[in-house]
Amino acid sequence: MLMLSVMSLIIFIITMIVMILASLLSKKSMMDREKCSPFECGFDPMSSSRLPFSLRFFLIAIIFLIFDVEIALLLPMIMIIKSSNLMNWSMTSMFFILILLIGLYHEWNQGALEWNK
């Protein structure tokens with residue numbers, strides 16, 4: 001019990017030291033106009049750096065996340081094909097893929113996949 005307390009205290013102290021060092025080293029030492037402005041090939045920025053976020057980029061990012069999760073869910077289904085009932089596995093897989101295709105069709109109808117606008 002004493003050994004666990006001592007180890008916990010040592011870990012806590014090391015963690016605090018690292019956090020304090022990171023905080024001290026990450027401070028900017030000098031604030032001037034060049035360091036605070038966005039970098040654009042050495043020239044002054046053409047427009048404001050606080051432009052509104054593009055909704056089209058947000059939709060593309062959401063579509064990417066959906067299909068990324070899809071891959072994470074489909075890969076284990078491939079691994080368990082030998083150990084599961086083939087009929088149940090087939091129905092589950094087809095239902096899952098059908099939901100994804102309906103979602104893709106919906107996104108296509110809404111125009112979220114049109115990148116040239």
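**Two packed helices and a nonpolar surface patch**

Leu59 sits in helix 3. In this predicted model, Leu59 is partly exposed, since its relative accessibility comes to 32% and buried would mean under 20%. Leu59 also has a partner from far along the chain: Ala112 is 53 residues away in sequence, yet the two C-alpha atoms are separated by just 6.7 Å.

Stepping back to the whole chain, the fold is easy to list. There are 4 helices and 0 strands, so read from the N terminus the order is simply α-α-α-α. Not much of the chain is hidden: of its 117 residues, 9% are buried. The chain exposes about 10900 Å², and 75% of that comes from carbon and sulfur atoms.

Helix 3 covers residues 55-79, and helix 4 covers residues 86-110. Helix 3 has 25 residues, which at 1.5 Å a residue should span 36 Å; the C-alpha atoms at its ends are 37 Å apart, and that agrees. Helix 4 also has 25 residues and an expected span of 36 Å, and here the end C-alpha atoms lie 36 Å apart, again in agreement. Just after helix 4 comes Gly111, which takes a positive phi of about 85°.

What do the buried residues of helix 3 pack against? The answer is helix 4. On the helix 3 side, the buried residues are Ile63, Glu70, Leu74 and Met77. The packing can be read from the other side too, as the buried residues of helix 4 pack against helix 3. Those helix 4 residues are Trp89, Ser93, Phe96 and Leu100. As a rule, an α-helix has 3.6 residues a turn, so residues three or four places apart point the same way.

Some of these residues come together in the largest nonpolar core, a group of 5 made up of Leu74, Met77, Trp89, Phe96 and Leu100. Helix 3 and helix 4 are the elements that give two or more residues to this core, and helix 4 gives the most, with 3. In soluble globular proteins, nonpolar side chains tend to be buried together. Trp89, one of the core residues, touches Met77, Ile80, Ile81 and Ser84, leaving aside residues up to four places away in sequence.

Is Glu70 buried or exposed? Glu70, found in helix 3, has a relative accessible area of 15%, so it counts as buried, the limit being under 20%. Beyond residues up to four places away in sequence, Glu70 touches Phe96 and Leu100, which both belong to the core described above.

The surface has a nonpolar feature of its own. Leu9, Phe12, Ile13, Met16, Ile17, Met19, Ile20, Leu21, Leu24 and Leu25 form a nonpolar patch there, with about 1000 Å² of accessible area together. One of the patch residues, Ile20, is found in helix 1, which runs over residues 2-25. Ile20 has a relative accessible area of 48%, so it is partly exposed, as the exposed class starts over 50%.

Key:
Residues are numbered from 1 along each chain as its sequence is written. This is a predicted model: local features need pLDDT of at least 70, side-chain atom pairs count only at pLDDT 80 or more; totals for chains, interfaces and linings use all residues. Side-chain values use heavy atoms; hydrogens and water are left out. A nonpolar core is a set of buried Ala, Val, Leu, Ile, Met, Phe, Trp, Tyr and Cys residues joined through side-chain atoms within 4.5 Å. Buried means under 20% relative accessible area, exposed over 50%, partly exposed in between (1.4 Å probe, protein chains only). Contact means heavy atoms within 4.5 Å. Patches are made of residues with over 30% relative accessible area and no salt bridge: like charges are joined within 9 Å, nonpolar side chains (Val, Leu, Ile, Met, Phe, Trp, Tyr) within 5 Å. Accessible areas come from the Shrake-Rupley method with a 1.4 Å probe; for residues, only the protein chains shown count as cover. A salt bridge is a side-chain nitrogen of Lys or Arg within 4 Å of a carboxyl oxygen of Asp or Glu. The expected span of a helix is 1.5 Å times one less than its number of residues.
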